[in-house]
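This briefing introduces the empty spaces and one surface feature of a structure for a reader who has not met it before. Please look over the sequence and the model below, and then read the notes that follow.

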Amino acid sequence: MTIGLALLLIATVATVLAVPLLDSGADVEASSDLGVERLEREKNAALTAIREAQFDHAMGKLSEEDYASLRSFYERRALTALSELGTRPALQNDAGACGHCGRRFVDDSVFCGGCGRSRTS
């Protein structure tokens, strides 16, 4: 049980550390793009860790308490990244942002999280 938890933690840390090293280093136009990329990586790493914990729990490698603890921790990380992504100021003429208040849309949301207007209006 503890070995499985330790292996999951090591795999998660290794993934989070390896992603920036394996990044192609494509040209980035603004520093805000770096923040968005970092938050996207953080969100994706947390969601991956949740999936791995679910799998380990289903395989009997994690106890109910360990699974609940890990899931809670990674859900908080993912939600923090998502909330920061949603409150990032939008760039001029940014298709991923609300035309009314400028707040960035989260993923493929239909309505703005700031003002509630439709994405298409």
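Helices (H or I, at least four residues) are DSSP runs, numbered from the N terminus. This is a predicted model, in which local features need pLDDT of at least 70 and side-chain atom pairs count only at pLDDT 80 or more, while totals for chains, interfaces and linings use all residues. Residues are numbered from 1 along each chain as its sequence is written, and side-chain values use heavy atoms, with hydrogens and water left out.

**Cavity**
- On a 1 Å grid over the protein atoms alone, a cavity is a set of points where a 1.4 Å probe fits but cannot get out, a pocket is an open set with protein on both sides within 12 Å along at least five of seven lines, and lining residues have an atom within 4 Å of a point.
- The largest cavity has a volume (the space filled by probe spheres set on the points, which are joined across faces, edges and corners) of about 40 Å³.
- Its lining is formed by Ala11, Thr12, Thr15, Ala45, Thr48, Ala49 and Glu52, and helix H1 (2-22) and helix H2 (31-58) are the elements that give two or more residues to it.
- The largest share of this cavity lining, four residues, comes from H2.

**Pocket**
- The largest pocket holds about 180 Å³ of space, and of the ten residues that line this pocket, Val16, Val19, Arg41, Glu42 and Ala45 are the closest to its centre.
- H2 gives the most to the lining of the largest pocket, with six residues.

**Surface**
- Leu7 lies in helix H1 and counts as exposed (over 50% relative accessible area, 1.4 Å probe, protein chains only) because its relative accessibility is 55%.

Conventions
Buried means under 20% relative accessible area, exposed over 50%, partly exposed in between (1.4 Å probe, protein chains only).
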